[in-house]
Amino acid sequence: MAKAKPMSLIDHLNELRRLVLAIVIILVIATIVCFVYAGPMLEYLTQGMTLIYIRPPEAMMAYIRVAFTAGLAISSPLIFYQIIAFLLPALKKKEKRVLLAAVFLMFILFAAGVIFAWLVAFPFAINFFDGFASQQLMPYYTASEYVGFVSGFLLGFGLVFQLPLLFWILGALGLISAKFLRASRKYALIVILIIAAIITPPDVVSQVLMGIPMLGLYELGIILVAMTERNKKRRLEES
């Protein structure tokens, strides 16, 4: 059987263009579908709160933002399937197994991050900020500000909860070690604070609420990498 002809740079760019186009189409379709249900979703997110809007298009933009966030969440399996289909031909058999397992764990961790944010971190943050309310200072949230705050909170925590998975992948591929991660704790703390400041709303409370779980996730990542290293060592000893 003749070997497949190596792809040229133009071929790779065309494949990448098709990948980006497919992701955009999937996301647009999912967003349109979610826009139909944006009203009930917004009602659930507000939990009986009354939002206001101060610009004519603000209410519509809040619906669009809710639809986009939900569309991104529900279409992520298809999006990552497209990315994996693009990457798999270039990976070795072992790397393919690692990547497929990582995708499965990714969805579990993302869901865990969103659930933690919605049930624990977000109520704490809202109650903290509402504690500054008074008769002269009533908490009336605009639709755009509230939806932006909720969306950033949920997606931010969903992404941050991928940290142990990232360490596991890098450890399985031999790119980092548990010893390196333990020695880098003080630098990791600085990076965690920077990341928390970037992906959370611009307030110290939200950043602390994200920074604390990230420290725990960093330690979990060290454990996963150490387990991977022990499994590798055991397999080498048995072979």
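**Exercises on a predicted helical chain**

Leucine 16 lies in helix 1. The model examined here is predicted.

**Exercise 1.** Determine whether leucine 16 is buried, partly exposed or exposed.

*Solution.* Step one is to take the relative accessibility of leucine 16, which is 38%. Step two is to recall the limits: buried means under 20%, and exposed means over 50%. Step three is the conclusion: because its value is 38%, leucine 16 counts as partly exposed.

**Exercise 2.** Identify the nonpolar surface patch to which Leu16 contributes, and state which helix gives the most to the patch.

*Solution.* Begin with the members: Ile10, Leu13, Leu16, Val20, Val24, Val28, Ile32, Phe86 and Leu87 make a nonpolar patch of about 750 Å². Next, assign the helices: helix 1 (9-36) and helix 3 (58-87) each supply at least two residues. Finally, compare the contributions: helix 1 gives the most, with 7 residues.

**Exercise 3.** Describe the chain as a whole, beginning with its helices and strands.

*Solution.* First, count the elements: there are 9 helices and 0 strands. Second, consider the extent: the C-alpha atoms fill a box of roughly 75 × 45 × 25 Å along the principal axes. Third, consider burial and surface: of the 239 residues, 34% are buried, and the chain exposes about 15,300 Å², of which carbon and sulfur atoms supply 72%. Fourth, consider the contacts with a separation of 6 or more: residues 24 or more positions apart account for 83% of them.

**Exercise 4.** State how far apart the mean positions of the positive and negative charges are.

*Solution.* Count the charges first: the chain has 20 positive and 12 negative ones. Then compare their mean positions, which are 14 Å apart.

Definitions and conventions
Residues are numbered from 1 along each chain as its sequence is written. This is a predicted model: local features need pLDDT of at least 70, side-chain atom pairs count only at pLDDT 80 or more; totals for chains, interfaces and linings use all residues. Side-chain values use heavy atoms; hydrogens and water are left out. Helices (H or I, at least four residues) and strands (E, at least two) are DSSP runs, numbered from the N terminus. Buried means under 20% relative accessible area, exposed over 50%, partly exposed in between (1.4 Å probe, protein chains only). Contact means heavy atoms within 4.5 Å. Accessible areas come from the Shrake-Rupley method with a 1.4 Å probe; for residues, only the protein chains shown count as cover. Lys and Arg count as positive and Asp and Glu as negative; His and the chain ends are not counted. The place of a charge is taken as NZ of Lys, CZ of Arg, CG of Asp or CD of Glu. Patches are made of residues with over 30% relative accessible area and no salt bridge: like charges are joined within 9 Å, nonpolar side chains (Val, Leu, Ile, Met, Phe, Trp, Tyr) within 5 Å. A salt bridge is a side-chain nitrogen of Lys or Arg within 4 Å of a carboxyl oxygen of Asp or Glu.
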